[in-house]
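Me: Take a close look at one part of this model for me, please: the surroundings of ligand 1. Once that's done, go on to whatever else there is to say about pockets and ligands.

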Amino acid sequence: MSEAAAGLEQLGASESARRRFLRRFRKQRPALYALGFLVLLALGALFAPWVAPYDPLTQNLDRVLESPSWDHWFGTDELGRDVASRTLFAARISLMAAFQAVLIALVIGVPPGLLAGLAGGWVDNLIMRFTDALMAFPPLILAVAIVAALGPSLTNAMIAVGILLSPTFLRLMRGTAMAVAHETYVEAARSIGCSQGWIIVRHILPNVISPLFVQISVFAGVAMLAEAGLSFLGLGAQPPDSSWGAMVGRGFRYISLSPSLIVFPGLAIAVTVLAFYVLGDGLRDALGREVRRED
Amino acid sequence: MSTPLLSVRDLEVTFRLRGGLLRPTRLLRAVNGVSFDIAPGETLAVVGESGSGKSTIARAVMRLLEPSSGRIHLDGDDVTALKGEALRRIRPKLQMVFQDPYSSLDPSMIIADVVGEPLVVHGRARGADLERRVQGLLEHVGLGRYHMNRYPYEFSGGQRQRIAIARAIALEPKLLVLDEAVSALDVSTQNQILNLLEDLRSELGIAYLFISHDLGVVEHIADRVAVTYLGRIVEEGPAERIFSAPAHPYTEALLSAVPVPNPRIQRSRQRIVLPGDIPSPLAPPAGCPFHTRCPHVMDVCKTAMPAHTPIDGGGSAACFLHDTGVAGGTRRAS
Ligand SMILES: Nc1ncnc2c1ncn2[C@@H]1O[C@H](COP(=O)(O)OP(=O)(O)O)[C@@H](O)[C@H]1O
Ligand code: SF4
Ligand SMILES: [Mg+2]
């Protein structure tokens, strides 16, 4: 392993790989816009206390359930709180939740996936049986069961979502590792006398990473949707914290009085999830193999 | 004769094809009783149709797969059973260039790493010395140093094969196995690579195991030629003799398909079109493996296996036409 790290450092490979990726990614217009939106959103969420026009928790019972206006761009909720400010603050919770779920899915899914793909045999069999069993549960029931067992909190809900997403990462890593291990360049590496550890670190891992990035982006969107659903049901973010899904859930009770209560957080969910998907698509194209060039 | 660099005896490689619910497990004998020697600095061409076991021979020689039986000696040492660290230590002596230059180079590595990797993993060079040697290797195969930071996908097939060759000669091997190394290239690129290989041989004295499905390609580079059919060597001998006086009917057929005009052959030249397809190696014919397609087939060919018989002009062929102990054998053994 340290041998491999030394080799990397010596020839400065990682920096050039990044340059090549950036060059190709720059051509992916929609993905660039999606990334721009996500960065803005993340910055807005991070600096919400300075950016938001109102304190998201300050109530004004004289001005409840108002429609959008110059004072309150997104209107006010049933307690007279500014919906625009609340949407911005909720972005922190929603983004963090998606991040947690994906991180958990990666930690649970990637190492055993790689192990199954590279070891094969009974190790692979054992890991895949276990995964099949996990996937045989209906997802919502599993999520509710996990939250019921751990107690309702956003983190627990995201642990549930992470566990549910992990088999996809596991299968992806297993399949990719298997495919890469059979590539001619791996056999070529063996023929020059590379050790097994070197082959895994220098040839297999770098070539299984790309599809992982694509999946991470798509799953950030999926996790955000799942968080919205669970929070809508009251299994996710707990008051006074509020995520977009929780806002939609509470706003649902006043839907006939003020539809804007669910429109804005709902729109935020839709646009952000879409942005993650589009980013994933662009990454796929930028990281994919370049077409063959003929002589 | 001095000790050969590479000596292969009775090599056999059998693949176990895993069955399914309704299919039984079957054995595929890809290489069967193959023996040959390569002297230091010599080029042996192995020629035969696709599926005749050439790549399997290459991979067995490279110790990338386990032979089912037989012995492989390199430089006088038995390397058949080497494993792990001991195997890694002998790898610098024999290197390989693969057929498909698009899949044999790691797409995530820059050329400097691709070419320098053998030197790094065997601890032969590092830092500035490594960079200098990689430059030298690239120049040796006709590529400029400015290519060092580029990725394989930025190169054409011919350039990639040059890169693969630079990498393969980095450790100064004694034997280079070239498995269809020019087959994926167009004719003019093929010629450039063949010229490069000739130059390298005269400069470095490397021996080649040169594999091709095209007899025409090997004419100028080969010292000796071995012709494979269904996992066996059916004829072997000096290139000169194989091209001027092929002994085995299969070699004759292959030679008749070579488009290069050769005055000696042109006179009597007639394209021999073989009937039928190469039989499945899962169900090889009894007797001579070639008898289902041979224009000279005799009764004995269908039941008995011809042994290798010496041929005038050097080498041997496994065909009853040349086996004086069998009726008809004298007909062609002139
Ligand atoms: N890994 C393998 N598993 C099963 N069968 C194989 C394998 N490799 C090669 N074969 C079979 O062995 C025979 C010889 O293949 P190969 O050595 O690739 O021939 P060539 O290189 O002359 O085209 C073919 O019938 C092929 O299908
Ligand atoms: S042994 Fe018989 S079948 Fe085989 S090549 Fe010779 S003549 Fe043809
Ligand atoms: Mg082959």
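**The shell around ligand 1**

Reply: Sorted by class, the residues around ligand 1 come out as five nonpolar, six polar and two charged. Bear in mind that this is a predicted model, and the distances below are computed from it.

There are 13 residues in that shell, and the ones that come nearest are Gly51(B), Gly53(B), Lys54(B), Ser55(B) and Thr56(B). As for secondary structure, strand E1 (6–17), strand E2 (26–38) and helix H1 (54–61) of chain B each put in at least two residues. H1(B) gives the most, with three.

Now for the contacts. Lys54(B) reaches ligand 1 with its side chain: an N or O atom there sits 2.8 Å from a ligand oxygen. With Gly53(B) the partner is a polar backbone atom, 3.1 Å from an oxygen of ligand 1. Ser52(B) also uses a polar backbone atom, at 3.2 Å from a ligand oxygen. On its own, ligand 1 has 560 Å² of accessible area, and the protein covers 67% of that.

E1 and E2 of chain B have a loop between them, and Arg23(B) lies in it. Arg23(B) counts as exposed because its relative accessibility is 51%, where the cut-off for exposed is over 50%. Along the chain, Arg23(B) and Pro279(B) are 256 residues apart, with 20 Å between their C-alpha atoms.

Then there's ligand 2. Its shell divides into nine nonpolar residues, three polar ones and no charged ones. Among the residues around ligand 2 are the cysteines Cys288(B), Cys294(B), Cys301(B) and Cys319(B), along with His248(B), His291(B) and His296(B). Phe290(B), Phe320(B) and Leu321(B) are there too, as are Pro249(B) and Pro306(B).

Over in chain A, have a look at the second largest pocket, which holds about 560 Å³ of space. It is lined by 20 residues, of which Phe99(A), Ile216(A), Ala220(A), Phe276(A) and Leu279(A) are the closest to its centre. By class, the lining has 18 nonpolar residues, one polar and one charged. Helices H2 (13–25), H3 (29–46), H5 (83–119), H10 (196–232) and H12 (260–287) of chain A each supply at least two lining residues. The biggest share comes from H5(A), which gives eight.

Definitions and conventions
Residues numbered from 1 in each chain as written. Chains lettered and ligands numbered in written order. Predicted model: local features only at pLDDT ≥ 70, side-chain atom pairs only at ≥ 80, totals over all residues. Heavy atoms only, no water. 1 Å grid on protein atoms, 1.4 Å probe; cavity = no way out; pocket = protein on both sides within 12 Å on 5 of 7 lines; lining within 4 Å. Points joined across faces, edges and corners; volume = space filled by probe spheres on them. Helix = DSSP H or I, 4+ residues; strand = E, 2+ residues; numbered from the N terminus. Nonpolar A, V, L, I, M, F, W, Y, C, P; charged D, E, K, R; others polar. Near = heavy atom within 4 Å. Polar contact = N/O pair within 3.5 Å; in protein donor to acceptor, adjacent residues only side chain to side chain. Areas by Shrake-Rupley, 256 points an atom, 1.4 Å probe, with all protein chains shown as cover. Buried < 20%, exposed > 50% of the residue type's maximum accessible area, 1.4 Å probe, protein only.
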